[in-house]
Amino acid sequence: MLKLYNSLTNKKQDFIPINPGSASIYSCGPTVYDRIHAGNIRAFLMPDLLQRVLARLEGLNVDWVMNITDIDDRMIARASESYPNQEPLDAINKLADKYTDIFLDDIEKVGIRRDDISHLPRATDFIAPIQTIITQLISDGIGYVSDGSVYFSVKNYIASGKTYGRLVSLDFSARARVTNDQDQKEGVADFVLWKAHKPGEPFWDFNISGKNYPGRPGWHIECSAMSTEFLGQPFDIHTGGVDLKFPHHENELAQCGGTQANYYIHNEHLSIKSQKMSKSLGNIMTLKDINDPMALRYLILSAHYRSQMDFCLADISSAEERLKNIRTYTDQLMLARVGQLPEADDTGKTKQFITEFKQALSDDLNTPKALSALRLIEGKVYTVDAREAMRLVDDIMGLGIIVDNPLSSEVLEVIDSYELARKDKNFSLSDSLRAKLLSQHGLVASDTQVGTLVHRAQ
């Protein structure tokens, strides 16, 4: 059974879905004012791995929702800068269109398939559900209006019998008062639900008790509304970076009345020289800086999602070499001629590998241990069941290592001629045929215990 570390309980728990046979996941997606960096990608690879494990190993139908944040201070500032002659709402829509497309292209490059994401809702398409939640919070005495904005009263929430601080330990006395657009709030811990309109910003009308409060949603309420709209309350799993535990996920949870998701799964930071990778620090690296994006995927999966990970280009180079070795072995199995591979591995190594691989992933997505299990078969076992084992690896890890295009008759003839030349000890001819496979077909020939196997040149 799959065990996951739940931030609500701070321990590993058996994953028991709400509805047998299915699993629901909500992931906090990108704010589309710029392209994502390698640190962001870790937060998207973790739920991608999770949904693959749930679908392929647990046999569940997965409903995976990832939101697009298209309205916040950064969006407004960048849209105004990029499209100064357009209406504010038109400007943020144009900016969102541009960077959503770039985002989807980037995640495809690291093996996250768009078709695996059930819904990609944009916050600005859910203003009505957002306002419905806020109206209910006001009715419950938890939301209040102040100077045209609406705030969430943590004091009143706690007084209603709910717990605030379920994902983190909080000491409100140590928190500094937030200023700027939240300086009209009543309590130190309160947070904004609806921001009063400012000149030059996009806005929506909001009728509260017969009076209009034009403005825009706060960040936290967006995810409460979209997760509820698509998955209901509660749903199974909420994912995000560890930096979202507080205040974002804590506030989402409170806005949903303390019942949002049963499991909160958080990945640790990706850092450079022990500093969190972030745009504000100027230490980011995007996919444009990486030759093989799949090497980044392999590198991230080579560390446990709950461990901090320091990142450098040398690590990427090592990951590229490691991935090349895995591709070589997988190619050799996939491109073997019909009937060339024995059906089963009678050494038991393949069976042991599959067992260790599955057990590692079932233990809180332990990808380092799952990948290390490859040592049992990689470059050692050439059988049909080993080939199917590598299909499983690719299905779960998403490394893009599988090639299903059979060799052409022309290539097969060259390989047959190469083997015959080797058998006749005509090494001059075999060398020329090996060179032909490489120069004309992009294939590298290797001599193995099951005869000549080829892999794509990398």
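Helices H1 and H8 are roughly perpendicular to each other in this predicted model. The reasoning is short: angles from 65 to 115 degrees count as roughly perpendicular, and these two helices pack at an angle of about 75 degrees. Their axes lie 10 Å apart. To find them in the structure, please look for residues 38-57, which form H1, and residues 293-301, which form H8.

Which residues make the contact between H1 and H8? From H1 come Ala 38, Ile 41, Arg 42, Leu 45, Asp 48, Leu 49 and Arg 52. H8 contributes Leu 296, Arg 297, Ile 300 and Leu 301. Sorted by class, seven residues of this contact are nonpolar and four are charged, while no polar residue takes part.

I turn now to a single residue, Ser 153. It sits in the loop that lies between strand E6, residues 149-152, and helix H5, residues 154-159. Is Ser 153 buried or exposed? Its relative accessibility is 4%. Buried means under 20%, so Ser 153 counts as buried. If we set aside neighbours within four places in sequence, the contacts of Ser 153 are Ile 142, Tyr 144 and Asp 190.

My last topic is the second largest pocket. The space in this pocket is about 280 Å³. It is lined by 17 residues, and those closest to its centre are Met 334, Leu 335, Ala 336, Arg 337 and Val 338. Helix H12, residues 384-397, supplies the largest share of the lining, namely three residues. As for class, the lining holds ten nonpolar, three polar and four charged residues.

Notes. Residues numbered from 1 in each chain as written. Predicted model: local features only at pLDDT ≥ 70, side-chain atom pairs only at ≥ 80, totals over all residues. Heavy atoms only, no water. Axes fitted to C-alpha atoms, helices over the stretch in contact; angles between N-to-C directions. Helix = DSSP H or I, 4+ residues; strand = E, 2+ residues; numbered from the N terminus. Parallel < 35°, antiparallel > 145°, perpendicular 65-115°, else oblique. Contact = heavy atoms within 4.5 Å. Nonpolar A, V, L, I, M, F, W, Y, C, P; charged D, E, K, R; others polar. Buried < 20%, exposed > 50% of the residue type's maximum accessible area, 1.4 Å probe, protein only. 1 Å grid on protein atoms, 1.4 Å probe; cavity = no way out; pocket = protein on both sides within 12 Å on 5 of 7 lines; lining within 4 Å. Points joined across faces, edges and corners; volume = space filled by probe spheres on them.
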